[in-house]
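Subject: Handover of a structure

Dear colleague,

Please find the structure below, with its sequence. I would be grateful if you could look it over before reading the notes.

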Protein chains: 2
Amino acid sequence: MEASKPDTATRILDVSERLFVEHGFEGTSLRMITQQAEVNLAAVNYHFGSKDALFESVFMRRLAPLVAACLAELDRLEAKQEAAVVEDLVMAFIRPCLALSRDPSKGGALFVRLLSRTLVENHRLLRETISQQYSVFVHRFAKAFKEVLPWLGEEELAWRMHLAFGIMFNAFAGNDVLKIFVRSQVVTARDPDMIVKHLLPFVVAGLVAPAQG
Amino acid sequence: MEASKPDTATRILDVSERLFVEHGFEGTSLRMITQQAEVNLAAVNYHFGSKDALFESVFMRRLAPLVAACLAELDRLEAKQEAAVVEDLVMAFIRPCLALSRDPSKGGALFVRLLSRTLVENHRLLRETISQQYSVFVHRFAKAFKEVLPWLGEEELAWRMHLAFGIMFNAFAGNDVLKIFVRSQVVTARDPDMIVKHLLPFVVAGLVAPAQG
DNA sequence: AAGCGTTTCAAACTTACGTTTTAATTTGAT
DNA sequence: ATCAAATTAAAACGTAAGTTTGAAACGCTT
């Protein structure tokens with residue numbers, strides 16, 4: 001009669017991902033999680049140890065594959081004959097995000113939202129655990145961008161990447177600041193292809209813009 | 001011996017602003033606030049009624065002047081003889097943000113961070129109270145951008161504004177996604193003038209980019 | 001079927017939260 | 001100086017949080 005549910009730990013991860021996105025870490029209680037996951041309250045501490053550890057599991061389940069996919073895209077570009085252009089590098093990040101957004105079994109677009117939430121909430125997890133582990137992500141992109149935008153200085157390039165990745169993350173996370181002031185039509189209909197269509201020209205133009213005198 | 005402190009309500013507002021930014025709404029307790037503000041626990045409920053109402057007071061103390069300043073910039077542009085260019089409109093938003101960032105008595109850059117936090121936390125306050133009240137902010141900017149970027153369609157323009165304001169808010173809020181992966185030099189030294197120097201060319205280039213076929 | 005490690009369950013524990021209450025204190029006008 | 005109002009103070013209230021506990025139920029090998 002009923003589709004066989006995933007096991008307890010997976011159900012907890014799935015529900016937690018959604019709730020952490022909706023209500024944040026502090027705003028999500030273990031009782032909300034275990035109730036919606038239809039598991040016992042103690043199951044979280046049994047399987048993950050603590051609420052903190054649960055959050056880390058939720059986060060890492062998505063981050064590791066996403067980073068790996070981006071690095072694979074960069075590998076693919078380096079292997080090609082022709083030199084990469086800015087658009088290629090931007091797509092090397094966007095494509096994995098898109099794949100994530102389109103696959104509900106991978107949490108759909110939830111993780112990018114979780115990531116942006118985690119970012120502004122400034123978790124210990126980000127400050128301590130991850131920074132070191134995935135620094136290769138930034139270094140690879142930085143190296144690639146440096147080759148494609150050779151006329152930009154070190155500092156200028158760092159800023160461009162900061163701005164470009166910021167805008168890309170926000171686009172996929174659906175963080176619309178204007179919705180503060182008015183019901184926005186842009187974000188409510190969040191079709192991944194639409195995001196790319198409008199995001200790509202914007203971010204590429206910003207990256208290749210001449211530096212300020 | 002001691003500089004005369006501001007009154008109780010103001011001390012609560014100042015401390016709350018900082019703590020709400022650092023720990024979020026749910027993550028900030030009234031006991032943290034009252035302890036750091038050196039006031040009695042009951043003072044919050046006495047002066048503001050509830051934690052929710054306190055948050056609204058904290059938020060509105062900054063938002064109202066910021067919006068007013070932006071609208072004044074737009075008024076100034078309309079009063080001028082020459083037609084405005086994209087850069088003028090961008091600066092019409094950036095200038096008040098800069099003023100906010102430079103004046104510690106106005107909370108410095110704290111409010112933009114609070115705003116971005118409140119955004120991802122998706123507060124009732126934003127969904128219900130503010131949307132209606134400050135819709136003029138978006139409409140005025142939309143009208144101005146439409147005149148400056150006449151070749152963009154309705155939908156395209158909405159996306160450009162979404163992306164542009166997103167990136168500007170994030171730049172001032174200091175939300176650096178790359179810091180997830182590596183200790184970023186960009187944001188740690190957050191000089192307002194540096195922000196403008198690097199932000200302005202990027203966002204202007206993105207706004208005026210040719211639309212995707 | 002028995003035994004054993006793993007998982008689930010209901011219940012309780014400790015702590016911290018937002019809020020309320022009631023009394024003490026300060027303030028300001030007469 | 002006095003009195004009423006406004007403010008501060010200390011304590012307690014009820015609720016909900018994360019975590020822990022010990023027994024019951026389950027799954028698997030023998």
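The notes below describe the surfaces near the DNA, then the nonpolar core and the aromatic residues. Please bear in mind that this is a predicted model.

DNA strand D

Which residues come nearest to DNA strand D? Of the 15 residues around this strand, they are A:Leu30, A:Arg31, A:Lys51, B:Thr8 and B:His47. Both protein chains are therefore represented in that list. By class, the surface near DNA strand D holds 5 nonpolar, 7 polar and 3 charged residues.

Three helices each supply at least two residues of this surface: α2 (30-36) and α3 (42-48) of chain A, and α3 (42-48) of chain B. The largest share, 3 residues, comes from α3(B).

Two of the nearest residues have side chains close to the phosphates. An N or O atom in the side chain of A:Lys51 is 2.7 Å from a phosphate oxygen of DNA strand D, and a polar side-chain atom of B:His47 lies 2.8 Å from a phosphate oxygen of that strand. B:Asn40, by contrast, has a polar side-chain atom 3.5 Å from a base nitrogen of DNA strand D. As for the strand itself, 49% of its atoms within 4 Å of the protein belong to sugar or phosphate, and the rest belong to bases.

DNA strand C

DNA strand C is surrounded by 15 residues, the closest being A:Thr8, A:His47, B:Leu30, B:Arg31 and B:Lys51. Of the atoms of DNA strand C that come within 4 Å of the protein, sugar and phosphate account for 48%. The residues of the surface near this strand divide into 5 nonpolar, 7 polar and 3 charged.

Here α3 of chain A, together with α2 (30-36) and α3 of chain B, each supply at least two residues. The helix that gives the most is α3(A), with 3 residues.

Contacts with phosphate oxygens of DNA strand C involve both side chains and backbone. A polar side-chain atom of A:Tyr46 lies 2.8 Å from one such oxygen, and an N or O atom in the side chain of B:Asn45 is 3.4 Å from a phosphate oxygen. For B:Thr28, a backbone N or O atom lies 3.4 Å from a phosphate oxygen of the strand.

Nonpolar core and aromatic residues

In soluble globular proteins, nonpolar side chains tend to be buried together. The largest nonpolar core in this model has 156 residues, of which A:Phe59, A:Phe165, B:Phe59 and B:Phe165 touch the most other members.

What is A:Phe165 in contact with, leaving aside its neighbours within four places in sequence? Its contacts are A:Phe93, A:Phe137, A:Phe141, A:Phe145, B:Val177 and B:Leu178. A:Phe165 also belongs to one aromatic cluster with A:Phe93, A:Phe137, A:Phe141, A:Phe145 and A:Phe169.

Over all chains, the count comes to 24 aromatic pairs. One of them joins B:Phe93 and B:Phe169 in a tilted arrangement, 5.2 Å centre to centre with 55° between the planes. Because B:Phe93 lies in helix α5 (residues 86-102) and B:Phe169 in helix α9 (residues 154-173) of chain B, this pair ties together parts that are 76 residues apart in sequence. Are these two residues buried or exposed? B:Phe93 counts as buried because its relative accessibility is 1%, and B:Phe169, at 3%, counts as buried as well; the cut-off for buried is under 20%.

Yours sincerely

Notes:
Residues are numbered from 1 along each chain as its sequence is written. Chains are lettered from A and ligands numbered from 1 in the order in which they are written. This is a predicted model: local features need pLDDT of at least 70, side-chain atom pairs count only at pLDDT 80 or more; totals for chains, interfaces and linings use all residues. Side-chain values use heavy atoms; hydrogens and water are left out. A nonpolar core is a set of buried Ala, Val, Leu, Ile, Met, Phe, Trp, Tyr and Cys residues joined through side-chain atoms within 4.5 Å. Buried means under 20% relative accessible area, exposed over 50%, partly exposed in between (1.4 Å probe, protein chains only). Contact means heavy atoms within 4.5 Å. A polar contact is a pair of N or O atoms within 3.5 Å; within protein, one must be able to donate a hydrogen and the other to accept it, and residues adjacent in sequence count only if both atoms are side-chain atoms. Helices (H or I, at least four residues) and strands (E, at least two) are DSSP runs, numbered from the N terminus. Ala, Val, Leu, Ile, Met, Phe, Trp, Tyr, Cys and Pro count as nonpolar, Asp, Glu, Lys and Arg as charged, and the others, Gly among them, as polar. Rings of Phe, Tyr and Trp (its six-membered ring) pair if their centres lie within 6.5 Å; planes under 30 degrees apart count as stacked, over 60 as edge-to-face and the rest as tilted.
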